[in-house]
Amino acid sequence: MGNSKAYPVFRTTDRPTAYAQAMRLCALLAMQDDEVYLTADLLTVADVRRMAAVLPGTRICVKVRTDPSGESVWADLNLTTAADSELRPYLPLDIGEFYPVKSADHRFLTALGQGTASIQWSGSWPEDPDADQHGSAKYDGVQVVFHGDQAQADRWTEHHTVFVHVSNWGDLPRARKLAAHIGGEVLGEAQLGF
């Protein structure tokens, strides 16, 4: 039960550098899931069009906003075929979906606008005698948050942050070792993760 602990280990204002560092960490996973989880706040129709082009045929039930009563408002939109006039009333759109690894993550990166977004790779860290916990397929992974510094992307920033995810009990020694592998360091307290 519970969520992973996410340690921020690298921060930059350069999107390709953040992605490259995340990929370096992914290469260390002993096992990696077949899918990545992609999220994005699409602020403009142009953002939607770019995303639809890299994820063709995607039909997503999209959370578009919260109404005055606090309830979520959802729209069942096909981002590829919806007309601009259908999309505009729902902007900004908030998408989140699983996609096969390597089929969408790099293309997704090229389609991002200025909204907050993230890519999450799940897997399992290899056994490490210096770590506090064993690797766990339930909790381990890598995440890059674009325009954010929280694993639960909740506010916009100019920079992009790479996180390592570990056991829900935390594993600071493992996080430090992973950060050092990419020339980074643990940049703060553990956060609520996946």
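This text walks through the aromatic pairs, the strands around them and one buried alanine. The model is a predicted one.

Start with the aromatic rings. A pair of aromatic rings is described by the distance of the centres and the angle of the planes. Searching the whole structure turns up two aromatic pairs. One of them joins Y19 and W121. Their centres are 6.2 Å apart, and their planes make an angle of 50 degrees. This pair is tilted.

Where do Y19 and W121 sit? Y19 belongs to helix α1, which covers residues 15–26. W121 belongs to strand β6, residues 117–124. The two residues are 102 apart in sequence, so their pairing ties together separate parts of the chain. Are Y19 and W121 buried or exposed? Y19 has a relative accessibility of 10% and counts as buried, because the cut-off for buried is under 20%. W121 is at 0%, so W121 counts as buried too.

Now turn to Y37 and F98. Their ring centres lie 4.7 Å apart. Their planes meet at 50 degrees, so this pair is tilted. Y37 is in strand β2, residues 31–42. F98 is in strand β5, residues 93–100. The two are 61 residues apart, and the pair links distant parts of the chain. Y37 has 24% relative accessibility and counts as partly exposed. F98 has a relative accessible area of 48%. F98 is also partly exposed, because that class runs from 20% to 50%.

The strands give these rings a setting. β2 pairs with β5 in the antiparallel sense, over eight bridges. Within this pairing, Y37 stands opposite F98. So the two residues that form the tilted ring pair also face each other across β2 and β5. β2 pairs with β6 as well, again in the antiparallel sense, here over seven bridges. Q32 has G123 in β6 as its bridge partner. β6 is also the strand that holds W121.

Last comes A175. Its place is in helix α5, residues 172–181. How accessible is A175? Its relative accessible area is 0%, so A175 is buried. What does A175 touch, leaving aside neighbours within four places in sequence? The contacts are Y7, V9, V164 and V186. V164 is 11 residues away from A175 along the chain. The C-alpha atoms of these two residues are separated by 6.5 Å.

Notes. Residues numbered from 1 in each chain as written. Predicted model: local features only at pLDDT ≥ 70, side-chain atom pairs only at ≥ 80, totals over all residues. Heavy atoms only, no water. Helix = DSSP H or I, 4+ residues; strand = E, 2+ residues; numbered from the N terminus. Buried < 20%, exposed > 50% of the residue type's maximum accessible area, 1.4 Å probe, protein only. Contact = heavy atoms within 4.5 Å. Phe/Tyr/Trp six-rings, centres within 6.5 Å; stacked < 30°, edge-to-face > 60°. Pairing = 2+ DSSP bridges.
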